[in-house]
Amino acid sequence: MCGITACLVPDGVVTPLLTGLRRLEYRGYDSAGIAVRDGEGVGVVKRVGEVDALVDAVENDTDGGRVRDGTIGIGHTRWATHGGVTDRNAHPHLDCAGEIAVVHNGIVDNDAALRRELAAAGHVFTSETDTEVIAHLIEAELALGSTPETAFRDAVARIDGSYAIAALIGDEETIYATRMGSPLVFGPGDGEWFLASDVPAFIDFTDRVVYLHDGDFLVIRPDGYALSDTAGFPVDRAVETVDWDPETATKAGYNHFMAKEINEQPVSLRETVRGRVNTLDGRVDLAEFSEGAFADVDAIHLVAMGTSYHAAMFASSLLLRHGFDARAAVAGEYAELLPPLSPETLVVAVTQSGETADTLDAVRRAKSAGARTLAVTNVVGSSVTRECDDTLYLRAGPEIGVAATKTFSSQVTALTLLAERLVYDVTGRWSVDSEALLTAITRLSGEVQAVLDTSEAAAVAAALAGSDAYFFIGRGLAHPVALEGALKFKEISYEHAEGFAASDLKHGPLALVTAATPVFAVFTGRGDEATLNNVKEVQARGAPVVAVTSAREGPIIDAADYVLSIPESHPDVAGVLGNVQLQLVAYHAASLLDRPIDRPRNLAKCVTVE
């Protein structure tokens, strides 16, 4: 997720801008840049790669990268959505005259139409990004005689989509900013002013923060700042002092840890995949295991609880399709149903915390029966890593919210990579479509970001609020995604939600379907026609249908009352994208009900008792 930083500092902004960008690195990015206004105009430096490359350019004049210091500036870390990863596509972006600089998080949905209009009016674009249209819109408004603030407001009014924007306009010593659906926080200091996507960007300079709301407009000048709404009326937002204890400091401007962690998934997925995929030859490189480490495996048992069990189900379905004797088991029941085990049986313990009591018990019983054990976990040094023979780390980063979100996505992704490696070690060749699958996995982080930037989940949750129950259905790999969607919904909203295999719907659950029981149907590109038949069955009973799909037209769209769109991807990873939409639905539904989202009643993050 991209990061914005901006500041007005009389002693110079280059150092705080670069410091802020370093603090935002955890959000994930592929390029970075700054724009600084001094007495001679706007200086811009942008570089692909890590912030270090930008810092080197600025501090050492690498490739003409030095900028003159000034009193106002903006900076950005970009995660590519529109246009490739190039210096010219990096932020900030300028207007034709180079007098307006803009940084932006989110997506301008009507970018194409605006670009055509502006180009027809004579504006020349230098990048492939949607962000650049904002700078040209402001330029066009100024040409009509508007003041900088009015030009900024009127330009923003023409944008469809989600955004957080900061801009420098003309020769004014002023920063203009606004947000809608993307976080932006303001840090008032002692004669200095800071703006960023997250508090860590300016915590070195001030411990005070104002959290901007959707629709807020912020104008920062040397003598102070003004906050107003979309109509221009003043709004009052509390100035808070940041308390850096673990419970509050890491929310980074979000209302809940869960919201933050849902939005961290592009970063966590990138880390899960980093160094593990070689798309050039369609290989999985898991450095944790030696060549042929799984060559003698003839059966695979995945044991887990809760969300981790749904990830285990996903992996078992993949492995079954590859011809393995694979099964997923609820760890708490594994002892009662303990199947025959041997040294050729691989028991995979899937656990976010690495401390889940039932899963640890299953591991111990499996080891005592002679099976080989492997932990798939997020926490380095946790109990399961000590109990198991081998470990595959998720590398998803800390997850504080009780309702697991980013760890599920990373579990599914890590287990998919593990499945590919098992195929290779046992058969001596990679799966038939490994190259296409691995390419899709490398694109997951960007595609999840696209889901986050464009999701209509809040509107769907609001439209379906007050329903009697909520059902989730899916087929094949979409089945565990449906189960996980129902689990997220029930555990944080406290509303009744159930997940089913789509094929099982008419074998009992259909009796519960009414006009007051919306059905979320997950389509992944495999088995969709059969799932569509199930959709028609519930619609015949009057149930509203929400389709989670990459389709943009056709029978799925025609049959749906609501659509939660996902990018077109490989069927084996499309469920990850669909799951993000269902996480957002659950979150917004719980938020509408004012539930304690991060601490749902009766639940704990780490279940250490059986």
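**Note on the predicted chain**

1. Pro92 lies in the loop that links strand 4 (72-78) to strand 5 (93-94). The model is predicted. The peptide bond from His91 to Pro92 is cis, and its omega is near 0°. Start there when checking the backbone.

2. Two further backbone points concern phi. Arg395 has phi near 60°, a positive value in a residue other than glycine. Arg395 sits in the loop between strand 21 (390-393) and helix 12 (406-427). Is Arg395 buried or partly exposed? Its relative accessible area is 28%. Buried requires under 20% and exposed over 50%, so Arg395 counts as partly exposed.

3. Tyr494 is the other case. Its phi is near 65°, again positive in a residue other than glycine. Tyr494 belongs to the loop between helix 15 (478-493) and strand 23 (497-501).

4. Now the overall fold. The chain holds 18 helices and 26 strands. Its C-alpha trace spans about 80 × 55 × 45 Å along the principal axes. How does the radius of gyration compare with that of a compact globule? For 610 residues, a compact globule would have a value near 25 Å. The chain has 25 Å, which agrees.

5. Burial and contacts come next. Of the 610 residues, 58% count as buried. Take the contacts between residues at least 6 apart in sequence: 68% of them join residues at least 24 apart. The chain exposes about 22,800 Å². Carbon and sulfur atoms supply 49% of that area.

6. On charge, the chain has 48 positive and 87 negative side chains. How far apart do the centres of the two sets lie? They are 4 Å apart.

7. Strand 4 deserves a close look. Seven of its seven residues are buried, so the strand is mostly covered. Cover is present on both faces. Ile72, Ile74, His76 and Arg78 lie on one side, and Gly73, Gly75 and Thr77 on the other. The list of buried residues includes His76 and Arg78.

8. Which strands pair with strand 4? Strand 1 (residues 3-8) runs antiparallel to strand 4, with six bridges between them. Gly3 stands opposite Thr77 in that pairing. Strand 2 (residues 31-38) is also antiparallel to strand 4, over seven bridges. There, Gly33 has His76 as its bridge partner. Thr77 and His76 can be used to fix the register by eye.

9. Strand 25 (residues 545-549) is mostly covered: five of its five residues are buried. Val545, Ala547 and Thr549 take one side. Val546 and Val548 take the other. Both faces are covered. In which sense does strand 25 pair with strand 24 (residues 519-522)? The two strands are parallel, with four bridges. Val522 is matched with Val548 of strand 25 as its bridge partner.

10. An open sheet of six strands has the order 5-6-7-8-12-13, and its pairing is antiparallel. Strand 5 and strand 13 (224-228) are the edge strands, since each pairs on one side only. Strand 5 is also the strand that follows the loop of Pro92. At the other edge, strand 12 (residues 217-221) joins strand 13 through five bridges in the antiparallel sense. Arg221 stands opposite Gly224 of strand 13.

11. Ser308 is part of helix 8 (residues 306-321). Why does Ser308 count as buried? Its relative accessibility is 8%, and the cut-off for buried is under 20%. Leaving out residues up to four places away in sequence, Ser308 touches Val350, Thr351, Gln352 and Gln411.

12. Val423 belongs to helix 12. That helix comes after the loop of Arg395. Val423 is buried, with a relative accessible area of 7%. Apart from residues up to four places away in sequence, Val423 touches His322, Phe324, Gly428, Arg429, Trp430 and Ser431. How far is Val423 from Phe324 in sequence and in space? The two are 99 residues apart in sequence, and their C-alpha atoms are 8.6 Å apart.

How values were computed
Residues numbered from 1 in each chain as written. Predicted model: local features only at pLDDT ≥ 70, side-chain atom pairs only at ≥ 80, totals over all residues. Heavy atoms only, no water. Buried < 20%, exposed > 50% of the residue type's maximum accessible area, 1.4 Å probe, protein only. Rg over C-alpha atoms; globule rule 2.2 N^0.38 Å. Contact = heavy atoms within 4.5 Å. Areas by Shrake-Rupley, 256 points an atom, 1.4 Å probe, with all protein chains shown as cover. Lys, Arg positive; Asp, Glu negative; His and termini not counted. Charge placed at Lys NZ, Arg CZ, Asp CG, Glu CD.
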